[in-house]
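Let's work through a few exercises together. Take a look at the structure first, then try each task before you read its solution.

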Amino acid sequence: MSMQPVAVNPWRHRWSLLTLCATLALIFIGGLVTSTGSGLAVPDWPLSYGMLMPPMVGGVFYEHGHRMAAATVGLLTLVLAIWTTADERRKGVRGLAWAALGAVVAQGLLGGLTVLYLLPPVVSVLHACLAQTFFCLIVALAYSTSREWRTAGVTTDEVGLRGAALLAAVVVYLQLILGAVLRHTGAGLAIPDFPLAFGRLWPAFDRPGVAVHFAHRLGALMVLGAVSWLLGRSWRAADPRFQRPAGLALVLVITQIGLGASTVLSGKAVLPTTAHVAVGAALLGTVSFTALRAFRLLQPPREARAVRLAAALGDPA
Amino acid sequence: MIRSNFLALLAIGLLGAGVACGGGEAPKSEASAPAAATTGAVSTAASGGSTGTASFSGKVAYEGSVPPVERVKLNADPKCAAMHKEGLERWQLRVKDGGLADVLVYVKSGLHGTYPSSTDPVLLDQKGCDYWPHMVVKMVGQPLVIRNSDDTLHNIHPRPQVNPEFNIGQPHQGMESKKTMDKPEIMIPVGCDVHPWMRAFISVFDHPFFTVTKEDGSFEIKGLPAGEYEVEAYHGKLKTQDLKLTVKDGEAAKLNFSFKG
């Protein structure tokens, strides 16, 4: 069965992919700001030391560089929203584009607030979580304008891939929220050893930081389980459209666990810590895309049976 | 499609024009000549809290190994690097002739009443991409003048536990900002997030009986009323030491601390 073809400007799709890559780079640069302790190297906002372009020295290089990268992503998103409004027939996609623009504006405001209020953890955590949410919105925009979305046929989800993909996306997102809380409450080294915790499997939770840190480690195991389940379902379905992204997700999870261990064992060295943030975003993007693909290309068996029955009875629906 | 592509280009153009507008800010300077105080100024106009004619002096001695002086490379800012071609000296302990410098010595308890704040400003200077002095001591309410003597930008970011935290920028040479801190608090770390090697400490007292040891570890506190006191010596890298002191009017007592590494 094939779906109604949707006409989409391929250049808009390419623009959304460019925005996606720029957003991933922005998340890495944002991670660098926190990892290098440069979050308050520029004390004012929206200008930087009263200037549009301060000297790019020391921590200013990271903080103002982040602002410049964020302005670029904001610009790309604005263009995408206007472009989508101009030539997109699907109301939902137009809404998605404007939601992305709203998210990037809100993200900028949260970034400003976190500077002006000296990095309050709540605002910093919201800033980190909204970054990941925005990234997912751009993934959705990019996929909804892809050739696959426009032309691919729908098959029956015989093995529960939709559920597995959705579960993986939700678990990864929750794990990223936990990671943001850990990072912005200074709990990154609350447990200083790895793989054990204070030499034990189960540490004493005498400080909130230990609980947050340990929950993040347990979350990593849940992510590993969810992504492995997704890969298993993909293999069962023998569908390379799901095997490939699920396989990539598993590679990213293993890399991410390695980076998490390196972050702890290196005492939060800049590179592994920042890479941990960026790979986390890449993982979320991968499982979100897999979930979107599953919901676009697969029908639940019951629904598929109803469609087949209707067709057999001569109902075109 | 041509129309939508044109709209996209128009949006880029408009945003580009918006980004290109704007400008910088001229340097500000508040004329003043504050001193880098290392000891409390004893006021004779105490309200409730009394002053006197007793004093105590002594030395903070140090026995043990002294970590070698490190030289921090300042490559993050070419202007800082140019001022310290061999790197900036950083020490954990400064010991000379057995005396330990940079120790905060103050009357911890035994005083009664309140003391009026000094109006003399205390200077924290950013010079050579470093703070001068590294140990700032002042009374509550006493103005703290922060100056940027460098031809590069700095932000000043104290992280107190009791007083309000602030973060201000000084992008131009010669800029000065004035701040006060209204609650007693010792060893408030001050840092520059642009240049992470910069580190100083501010201590704020509700009385004038405090000082920081000199290079040879010596110190002196004057104007104390007769009485029994607890005096503390505090070094950021070592444990604190508290000693009892009893002084009479006009007496110049001796008080020596000894730290072991």
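The exercises below go from the domains of one chain to the strands of the other.

This is a predicted model, in which local features need pLDDT of at least 70 and side-chain atom pairs count only at pLDDT 80 or more, while totals for chains, interfaces and linings use all residues. Residues are numbered from 1 along each chain as its sequence is written, and chains are lettered from A and ligands numbered from 1 in the order in which they are written.

**Exercise 1. Describe how the two domains of chain A meet.**

Step 1. Start with the bounds, which come from an automatic or database domain assignment: domain 1 covers 1–153 and domain 2 covers 155–317 of chain A. Their C-alpha centres lie 22 Å apart.

Step 2. Count contacts, taking two residues to be in contact if their C-beta atoms, placed from the backbone, lie within 7 Å. In chain A, 22 residues of domain 1 are in contact with 23 residues of domain 2.

Step 3. Find the elements, where helices (H or I, at least four residues) and strands (E, at least two) are DSSP runs numbered from the N terminus. On the side of domain 1 of chain A that touches domain 2, helix 1 and helix 4 of chain A are the elements that give two or more residues. Helix 4 of chain A provides the largest share, eleven residues.

**Exercise 2. Work out which way the residues of helix 3 of chain A are buried and what they pack against.**

Step 1. Check the length, using an expected span of 1.5 Å times one less than the number of residues. The 26 residues of helix 3 of chain A should span 38 Å, and the end C-alpha atoms are 37 Å apart, which agrees.

Step 2. Apply the burial rule: a residue is buried if 20 or more other C-beta atoms lie within 10 Å of its own, exposed if 12 or fewer, and partly exposed in between, with C-beta atoms placed from the backbone. Among the buried residues of helix 3 of chain A are Val93(A), Leu96(A), Ala100(A), Val104(A) and Gln107(A).

Step 3. Recall that an α-helix has 3.6 residues a turn, so residues three or four places apart point the same way.

Step 4. Look at the neighbours: the buried residues of helix 3 of chain A pack against helix 2 and helix 4 of chain A. Just after helix 3 of chain A, Leu118(A) takes a positive phi of about 60°.

**Exercise 3. Which residues touch the most other members of the largest nonpolar core?**

Step 1. Define the core as a set of buried Ala, Val, Leu, Ile, Met, Phe, Trp, Tyr and Cys residues joined through C-beta atoms within 7 Å.

Step 2. The largest one has 76 residues, and Ala100(A), Ala168(A), Val227(A) and Val287(A) touch the most other members. This core draws at least three residues from each of domain 1 and domain 2 of chain A.

Step 3. Zoom in on Val227(A): leaving out residues up to four places away in sequence, its contacts include Ala168(A), Leu250(A) and Val287(A).

**Exercise 4. Is strand 15 of chain B largely enclosed or left open?**

Step 1. Five of the seven residues of strand 15 (residues 199–205) of chain B are buried, so this strand is largely enclosed by the rest of the structure.

Step 2. List the partners, given that two strands pair if DSSP finds at least two bridges between them. Strand 9 (residues 135–139) of chain B runs parallel to strand 15 of chain B, joined by five bridges, with Lys138(B) partnering Val204(B). Strand 14 (residues 185–191) of chain B runs antiparallel to strand 15 of chain B, also with five bridges, and Pro189(B) stands opposite Phe201(B).
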